[in-house]
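Thank you all for coming. I would like to walk through one structure this morning, chain by chain, and I will put it on the screen before saying anything about it.

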Amino acid sequence: MGNGGRFARAAGIAFGLIVLASAAQAAPPPLRIGWLSSLTGALSSAAIAQNQGVQFAVDEINAAGGIAGRKIELLTYDTAGDPTKAVNFAKKLVFEDKVQFVIGPVNSGESLATVPILAKAGIPNLVIGALDELIDPHRYPLAFRAINTNRQWISPANDYALKVLKRSKVALIGDTSGYGTASTKAAAELLEKAGVKPVYSVLVDPNKTDLTDEMGKARAAGADVVMPWSAATGLLARVLNARGEAGWKVPVVGHPALMAPPIRKLLNKPEYWENAFAVGYVSTTYTADGKLPERTQALLSRIRQKLGTGELDLMFWWVALGYDTVHIVEHAVKAAGGTEPAAIQKVLEATHELKGVFATYSWSPTQHNGFPDHNTLMNLANTFHDGSFQAAPQQ
Amino acid sequence: MLAGALFLIGLPLLAQDEYQLHLACLIGCYWILIAGLNLAVGYTGQLSIGHVGLLAIGAYVFAILAGRNGVNPYLALGAAGGMGGLCGLLLGLPSLRLPGFYFAMSTLAFALIVSELILAQGGLTGGGVGLAVPGFPKPVDTPAGFYCLVLAVSAVVSLLAWNVARHMWGRALIAVRDSAVAAAAVGVPLFRLKLTVFVFSGVTAGLAGALFASLQSYITPDTFVFDLGLFFFVCIIIGGRGSILGPFLGTVVLTVLPEAVAPLARLGNFFYGLLLLMVVLLLPEGIGRLVSVLRERFWPVRLESVAVAPDLPRLARALGHKQP
Amino acid sequence: MLAALVTGIATGAVYAAVALAYNLMFSTSKVLSVTTGHLCMLGGVLGAWAMGNAHLPMPVALALAVAGGGLAGWITDVVAIRRVLARSDEHLWLLSTLALATMLQQAVGLWWGTEPKPFPRLLAQDFGAGLGDQKYWLPVVVAAAAALGLELFYRRTLYGKLFLAMSEDAFAARARGIPTDRIRSLSYVMAGMLGALAGFAAGQLTFAFFALGLTLTLNGFIALAVGGLGSNRGALAGGLALGLVNSLATYGLGGEYQQTISVGLLLLVLLLRPQGLFGVRALRPV
């Protein structure tokens, strides 16, 4: 090998570089999706599960060649549940990372701050917070909700308590957090619309050590159903414990957190979880023959390896929701033939019955809440098994 | 100094995008509060860890007046400052007579009470849902314009703080921090001085709250967590108590660092705690003094030893002795 | 109503135990440590981990939790107090203990998780006991026993007398040949063990929750200030008063104003009797 060899090698490298460069030029630019997720902090369990779904969907789509040949580049930022950080990262995603889509943030309190910012910047935003105030097609034309609204949680619970269980003396219990106060108020309003005034209503600190008093007062007020609106599993467990220890046979109907797996360990006795009903989803409810809906089962079989080999100990609907958000982006980009925000808006507003795993979504120019009412149903709280639940009896 | 000022004024032109400008505005808002708080913490030694409560009050006053009642934003900004000062007075009156730990704990309790009341008074504050906050009218409605407003307010506040610290009562304040008893003994009007400084810090916290709320464009009680109060406090201690540049640098570094280095954000408060502990143990004067401390250590200023040789004959003459 | 009284007494006992731990550390160092509530939180979390996750028998878990609390107390002294006390700046200990408390809380949050987790049953008892349940009376027993034990310790043992001597005048004690550094370390270890024991006993009431520390630091301090700094009787009385006021106010008005009410109690006492119910007025500011 002399000079000739070296020259040949150099030429080879140069040629390789040129080929690489032209290939890079030929490949379409990646699709950048921002994902604002509170992976740490006080509200991390939902975000961690959703992140599994988002990540899995992105990997799947990329392995299959991307969306219309464009790979997805996912930019995940951990907001730690802090609205100030969420605003910072939203601006970073828009102005520095120049993303074409933003998914999240996870919590309503953060979304309230980021939705107007993303609207002003003209970036399509998939909202996964439940608070009703987040969506407004006129002020935030590019914000589309993929999860149910808070009302879609409260209404089925109210209907179940009033119509199925045939109760009319409601005791409302909320926590003093932002979400708790807002939902307890909304629940009282919806009940009054149905002609029922709660016989007892109280807000308690989510870390209050004991709820014997509150439950005692509810009982003394003649309540025949207890409806807790709180996402704090500790508080919900104490409601159930106080009910069980007082030997009070009253149904408890409320927020999905009422059936969250961590509750099991916080209960004094497993039977305290009986006669409790929480709002759940058709997609993560076992049918009468003990099977999951087809699409849920298909996703579960594919993703199980990723989530660990044993039975799931997280609520699978979180994973399904995260998975769906990426596929909604895929649907919008494919149908719009690009990432032009106005075109995306048009496509999403014309979307009718897009079948996802978590739900079937439809948006219209006047309705940016894509989640249909009939995709929720009541679950029996103590039936958690492998990520999903059983339906509550309908009489 | 001049170069720094020019840099700050020219920042909107230098900033590559709106995100960087947003961070600059955020730093400005924090600094307005910290400049006032620094007088209380760094100069008079009133360890308030609950200034986030005053920030929240300013933010909500601004949001309620300018957002809901359509008051002119500049008037609302002034009202927020005034309300912050008033609440600072109310908090300061009973608690400034208390010794250090008692005072710190009552400011902590104050911050908790404020967030409790914000949640409880839902009709006024929007409760857990929070309030949308309007921006300022033209020409401050652009990010660069808003930056200029923040810059102007922080310049005025810094100037006032600097004036107080250097010219008016700076020495008296430091004397109060180091030994309240000794300060009182030499005639420093202890209580009035402490209260004035604390009310001033309340005014700046109220102003900061109003600007912060407008920058965030939406506020909820979740925004004003205790951790934020701790953050302000750490900025001052790390930067160095008893100086103005130190806490300013502390504010800049601690705001930018978690943005730039993701693992630090994961550690969150642990990182702030560690920094605070290291500074307290190793460098109580703050990182702002690191250079001068190191210089003292390695290149100490050599004190010339002057041999004192008394001029005995002259002394003797002065005393009227005769030469032997 | 009866339930409000019982829960009030039970939570009051936890505050009282934290106040006792404050006193113990204060006696030898004249320092009020921000980590005090966190020592209590640590007892609960360690106990829940040892029994719930590691499946250790109860006595072993108890020993582990108490040892962990003692270790945290010792670390507080070594890291945050020892070096700082030598300096004349009276605010530094507040900063260093605040820093340590913040680190401790965040570390537990990262390790243990941010959700409250269950604390296992300590004694075999059916859950149907209602207000006679162990979760209400265990903290009361521990607080009472701790107060009694401390009283005996101060009066009957040599080390107790050394503590008293240091609390009267640390310089004089040192001049008389008392190894003040060692005694102070001992008091911090004891305070850590006491706090952790209380946290362990109250685990079923509070659940094992990482953010409990700061709440307990604040409420234990309010109990201490109401009862009178330095007095163990005051700590018990202040803790019970705070627990009852809190619980009855929540019973009457709902939980929205509970912080406001407990601080109201503190301000009232401080205005009327600045040294607290059982406190002694300090006469020497210099």
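Before I name any element, a word on the labels: helices, of at least four residues, and strands, of at least two, are DSSP runs, numbered from the N terminus. With that numbering, Pro105(A) is found in the loop between E3 and helix H4 (108-121) of chain A. Please keep in mind throughout that what you see is a predicted model.

Let me stay with that proline for a moment, since Gly104(A) and Pro105(A) are joined by a cis peptide bond, with an omega of about -5 degrees. Chain B offers a second case, in which a cis peptide bond joins Lys138(B) and Pro139(B) with omega at about 5 degrees, and Pro139(B) sits in the loop between strand E1 (131-132) and helix H7 (143-168) of chain B.

Now to the sheet in chain A. It is an open sheet of five strands, in the order E2-E1-E3-E4-E5, and the pairing is parallel. Which strands stand at the edges? They are strand E2 (72-78) and strand E5 (143-145) of chain A, and because each has a single partner strand, one side of each is left without a neighbour in the sheet. From one strand to the next, the twist averages 25 degrees. Helix H3 (residues 83-96) of chain A packs on this sheet, where it touches strand E1 (31-37), E2 and E3 of chain A, and the direction of the helix makes about 180 degrees with that of E1(A).

Within the sheet, strand E3 (residues 101-103) and strand E4 (residues 125-127) of chain A run parallel and are joined by two bridges; looking at one residue, Val102(A) has Asn125(A) as its bridge partner in E4(A).

Two loop residues on either side of H3 in chain A deserve a look at their backbone angles. Ala80(A), in the loop between E2 and H3 of chain A, has a phi near 55 degrees, which is a positive value in a residue other than glycine. Lys98(A), in the loop between H3 and E3 of chain A, also is not a glycine and has a positive phi of about 50 degrees. Is each of these buried or exposed? Ala80(A) counts as buried because it has 24 C-beta neighbours inside 10 Å, where 20 or more are needed; Lys98(A), with 11 such neighbours inside 10 Å, counts as exposed.

Further along chain A, strand E10 (residues 276-281) and E14(A) run antiparallel and are joined by five bridges, and in E14(A) the partner of Gly280(A) is Leu377(A). Four of the five residues of strand E14 (residues 376-380) of chain A are buried, so this strand is largely enclosed by the rest of the structure.

Let me turn to chain C, whose secondary structure comes to twelve helices and zero strands. Its radius of gyration is 18 Å, close to the 19 Å that the globule rule gives for 286 residues, so chain C is as compact as a globular protein of that length. Taken along the principal axes, the C-alpha atoms of chain C fill a box of roughly 60 × 45 × 35 Å. Buried residues make up 60% of the 286 residues in chain C, and among its contacts between residues at least 6 apart in sequence, 77% join residues at least 24 apart.

One helix of chain C lends itself to a simple check of length. Helix H1 (residues 2-29) of chain C has 28 residues and, at 1.5 Å a residue, should span 40 Å, which agrees with the 40 Å between its end C-alpha atoms. H1(C) is mostly covered, with 26 of its 28 residues buried, and the residue that follows H1(C) is Lys30(C), whose phi is positive, near 60 degrees.

Finally, where do chains B and C meet? In all, 30 residues of chain B are in contact with 29 residues of chain C. On the side of chain B that touches chain C, helix H5 (100-120), helix H11 (226-239) and helix H14 (269-282) of chain B each supply at least two residues, and the largest share, 13 residues, comes from H5(B). By class, that side of chain B has 24 nonpolar, five polar and one charged residues.

I will stop there and take questions.

Definitions and conventions
Residues are numbered from 1 along each chain as its sequence is written. Chains are lettered from A and ligands numbered from 1 in the order in which they are written. This is a predicted model: local features need pLDDT of at least 70, side-chain atom pairs count only at pLDDT 80 or more; totals for chains, interfaces and linings use all residues. Two residues are in contact if their C-beta atoms, placed from the backbone, lie within 7 Å. Ala, Val, Leu, Ile, Met, Phe, Trp, Tyr, Cys and Pro count as nonpolar, Asp, Glu, Lys and Arg as charged, and the others, Gly among them, as polar. Two strands pair if DSSP finds at least two bridges between them. Axes are lines fitted to C-alpha atoms, for helices over the stretch in contact, and angles run from 0 to 180 degrees between N-to-C directions. The expected span of a helix is 1.5 Å times one less than its number of residues. A residue is buried if 20 or more other C-beta atoms lie within 10 Å of its own, exposed if 12 or fewer, and partly exposed in between; C-beta atoms are placed from the backbone. The radius of gyration is taken over C-alpha atoms; the globule rule is 2.2 Å times the number of residues to the power 0.38.
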